[in-house]
Amino acid sequence: MKKPDQIKRIAVVGAGTMGAGIAQLSSEAGYETVLYDLMRDATVKGFESISENLRIAVEKNKISEEEKANVLSRIIVTSDFNDLVADVVIEAIVERLETKSELFQKLHH
Ligand SMILES: NC(=O)c1ccc[n+]([C@@H]2O[C@H](COP(=O)([O-])OP(=O)(O)OC[C@H]3O[C@@H](n4cnc5c(N)ncnc54)[C@H](O)[C@@H]3O)[C@@H](O)[C@H]2O)c1
């Protein structure tokens with residue numbers, strides 16, 4: 001088990017509503033963040049929603065353009081399972097026990 005200060009990279013599995021939100025928070029907290037989904041379209045949509053959230057934050061003067069760019073630059077989106085290399089993996093896939101169970105078995109190997 002890694003100590004908190006050894007955690008550099010966080011992977012989020014599932015790029016839907018929850019996954020994209022978690023990936024945004026992870027990157028905002030300074031972690032390299034991998035956002036993975038089975039569906040390539042979902043990764044693109046997830047990244048776009050993060051980008052849009054940050055655009056609004058800039059508009060409201062909550063963050064600068066530079067901070068927005070930094071947050072986006074720390075996020076890698078992928079639909080390749082082999083890219084799921086991280087110190088911590090957070091699961092945010094569909095609410096189906098069998099699917100979640102299969103995922104954890106695959107991650108374990
Ligand atoms: N949305 C909410 O408000 C909310 C609140 C609390 C808990 N949750 C829980 O969070 C989880 C995700 O919810 P959501 O609303 O983000 O769902 P969502 O449907 O928006 O996204 C789920 C994503 O998981 C992907 N996916 C499915 N199987 C996968 C697999 N094997 N590997 C990788 N990706 C896979 C789908 O392609 C989809 O993009 C669910 O378990 C849900 O119950 C959601």
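A polar contact is taken here as a pair of N or O atoms within 3.5 Å. In this predicted model, glutamate 95 offers a good place to start: an N or O atom of its side chain lies 2.4 Å from an oxygen atom of the ligand. The backbone contributes as well. A polar backbone atom of isoleucine 93 sits 3.1 Å from a ligand oxygen, and a backbone N or O atom of threonine 17 is likewise placed 3.1 Å from an oxygen atom of the ligand. On its own the ligand would expose 830 Å², of which the protein buries 64%. Around the ligand there are 16 residues, and those that come nearest are Thr17, Met18, Asp37, Glu95 and Lys100.

Thr17 also leads into helix H1, which spans residues 17–28. Its twelve residues reach 17 Å from the first C-alpha to the last, close to the 16 Å expected. Gly19, Ala20, Ala23, Gln24, Ser26 and Ser27 are the buried residues of H1. Viewed down the helix axis, these fall within an arc of 165°, so they line one face. They pack against strands E1, E2 and E3 and against helices H2 and H3. The face turned away from this buried side carries the exposed residues Thr17, Met18 and Leu25. Just after H1, glycine 30 adopts a positive phi of about 100°.

Helix H2, one of the packing partners of H1, holds threonine 43. This residue counts as buried because its relative accessibility is 3%, with the cut-off set at under 20%. Leaving aside residues up to four places away in sequence, threonine 43 touches Ala15, Leu35, Tyr36, Asp37, Val77, Thr78 and Ser79. Among these, Asp37 reappears from the ligand surroundings described above.

Conventions
Residues numbered from 1 in each chain as written. Predicted model: local features only at pLDDT ≥ 70, side-chain atom pairs only at ≥ 80, totals over all residues. Heavy atoms only, no water. Helix = DSSP H or I, 4+ residues; strand = E, 2+ residues; numbered from the N terminus. Expected span 1.5 Å × (residues − 1). Buried < 20%, exposed > 50% of the residue type's maximum accessible area, 1.4 Å probe, protein only. Arc of directions from axis to C-beta. Contact = heavy atoms within 4.5 Å. Near = heavy atom within 4 Å. Polar contact = N/O pair within 3.5 Å; in protein donor to acceptor, adjacent residues only side chain to side chain. Areas by Shrake-Rupley, 256 points an atom, 1.4 Å probe, with all protein chains shown as cover.
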